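Keep the sequence and the model side by side while reading. The paragraphs below go from one part of the structure to the next.

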Amino acid sequence: MNFPVYLHIGTHKILLHMVTEIAAFFIAFRYYLYLRRKKGDAISGLHRLYILLGATLGALLGSRLLGGLEDPIALQRSTSPLLYLYANKTIVGGFLGGLAGVELAKKAVGEKQRSGDLYVYPILLGLVIGRIGCFSMGVYEETYGLPTTAFTGMDLGDGLMRHPVALYEIGFLVVLWWLIRWASRRYPLDNGALFKLFMVGYLVFRFLLDFIKPHYTWAIGLSSIQVACLLGLLYYIRFIIHPKKLLTTDAGTPLHIL
């Protein structure tokens, strides 16, 4: 397999990554609209629009900010720091920035309902599609792992056997999808619990994944993404320590069991 992977259309060739990136957003959004029609939405259309705008703006800013901080030395040496920030992005920053944007938007419009559950499965689907594109870039995009002698190692374009971290993530996302689906059928989950389960699971995975990825390491021995993951997990710490807070009674009252 040669990296990066191109799609050949007549005499033209297009990066597969470009196609999957567009497809990920389009298909995930269509899936979200389908789920909203099928399951309904307790949040009014106008408020949902504001929440989507807050999520989009927050994700855009968060992904670029954390993406730029992944390599602070390169950021410092850049002749155009703003352009460097714009050119670098990371999903973890997008999720955390989007979370902040949603909370700010909800406060601005006075929305009290939890809003994240409808996004969980579309996000998972979009991530899987997107990571296929990331894998197709090999070492030509910063979604590859360290050299390894493990049986999972692959030559991603530079002659070294490396961890194919994009494939690891696809596998994890499929398992996480199944676990969230299983939990939603097995337990009476409170509104918003699905999104919390997704965020905690993904942040834990990304924290661990960075140990087998090349990155700038701070004095504390962690990358910028790992630090961001820990901060995100701290935000959800009460649900991690007391997972029964994710449950609800038949009457809809959350069970706050210590």
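In this predicted model, the count of salt bridges comes to 5. Side chains of opposite charge can pair when their charged atoms come close. One of these salt bridges joins Arg-36 to Asp-41, with the closest N and O atoms 2.7 Å apart. Asp-41 also meets the side chain of Arg-48 in a salt bridge, at 2.8 Å from N to O. Arg-36, Asp-41 and Arg-48 are thus linked in a network of salt bridges.

How exposed or buried are the members of this network? Arg-36 has a relative accessible area of 25%, so it is partly exposed. Asp-41 is partly exposed as well, because its relative accessible area is 25%. Arg-48 has a relative accessible area of 3% and is therefore buried.

Another salt bridge is formed by the side chains of Arg-162 and Asp-158, 2.8 Å apart from N to O. Arg-162 counts as buried because its relative accessibility is 11%. Its partner Asp-158 has a relative accessible area of 33%, so Asp-158 is partly exposed.

A further arginine to look at is Arg-131, which is found in helix α6. Is Arg-131 buried or exposed? With a relative accessible area of 8%, Arg-131 is under the 20% limit and therefore buried. Leaving aside neighbours within four places in sequence, the residues in contact with Arg-131 are Ile-91, Thr-143, Ala-166, Glu-169, Ile-170, Tyr-202 and Arg-206.

Next comes the nonpolar interior. The largest nonpolar core has 38 residues, and those that touch the most other members are Val-92, Val-120, Leu-124, Ile-180 and Phe-198. Two or more residues of this core come from each of the helices α1 (16–39), α2 (45–69), α5 (91–109), α6 (117–136), α7 (165–186), α8 (193–209) and α9 (224–235). Which element gives the largest share of this core? That element is α8, with 9 residues.

Val-92 shows how parts of the chain that are far from one another in sequence come together. Not counting residues up to four places away in sequence, Val-92 touches Leu-66, Tyr-202, Leu-203, Arg-206, Ile-225, Ala-228 and Cys-229. Apart from the largest core lies another core, of 9 residues, including Leu-16, Phe-135, Val-139 and Tyr-144.

Ile-225, one of the residues touched by Val-92, lies in helix α9. Ile-225 counts as buried because its relative accessibility is 2%. With neighbours within four places in sequence left aside, Ile-225 is in contact with Leu-66, Glu-70, Thr-90, Val-92, Arg-206 and Asp-210. Ile-225 and Leu-66 are 159 residues apart in sequence, while their C-alpha atoms are 7.2 Å apart in space.

A second pair of this kind involves a loop. Glu-142 lies in the loop between α6 and β3 (154–155). At 60% relative accessibility, Glu-142 is over the 50% limit and so counts as exposed. The C-alpha atoms of Glu-142 and Pro-214 are separated by 8.5 Å, and the two residues are 72 residues apart along the chain.

On the surface there is also a nonpolar patch. Which residues form this patch? They are Val-175, Trp-178, Leu-179, Trp-182 and Tyr-187, and together they have about 520 Å² of accessible area. Trp-178 has its place in helix α7, an element that also gives two or more residues to the largest core. The relative accessibility of Trp-178 is 54%, so Trp-178 counts as exposed.

The last part is a pair of strands. Strand β1 (residues 6–9) pairs with strand β2 (residues 12–15) in the antiparallel sense, over 4 bridges. Within this pairing, Tyr-6 stands opposite Leu-15 in β2, and the bridge partner of His-8 is Lys-13 in β2. In a regular strand the side chains alternate between the two faces of the sheet. The hairpin of β1 and β2 has 2 residues between the strands, and Gly-10 takes a positive phi near 65 degrees there.

Notes:
Residues numbered from 1 in each chain as written. Predicted model: local features only at pLDDT ≥ 70, side-chain atom pairs only at ≥ 80, totals over all residues. Heavy atoms only, no water. Core = buried A, V, L, I, M, F, W, Y, C linked by side-chain atoms within 4.5 Å. Buried < 20%, exposed > 50% of the residue type's maximum accessible area, 1.4 Å probe, protein only. Contact = heavy atoms within 4.5 Å. Pairing = 2+ DSSP bridges. Patch = residues over 30% accessible without salt bridge, like charges linked within 9 Å, V, L, I, M, F, W, Y side chains within 5 Å. Areas by Shrake-Rupley, 256 points an atom, 1.4 Å probe, with all protein chains shown as cover. Salt bridge = Lys/Arg side-chain N within 4 Å of Asp/Glu carboxyl O.
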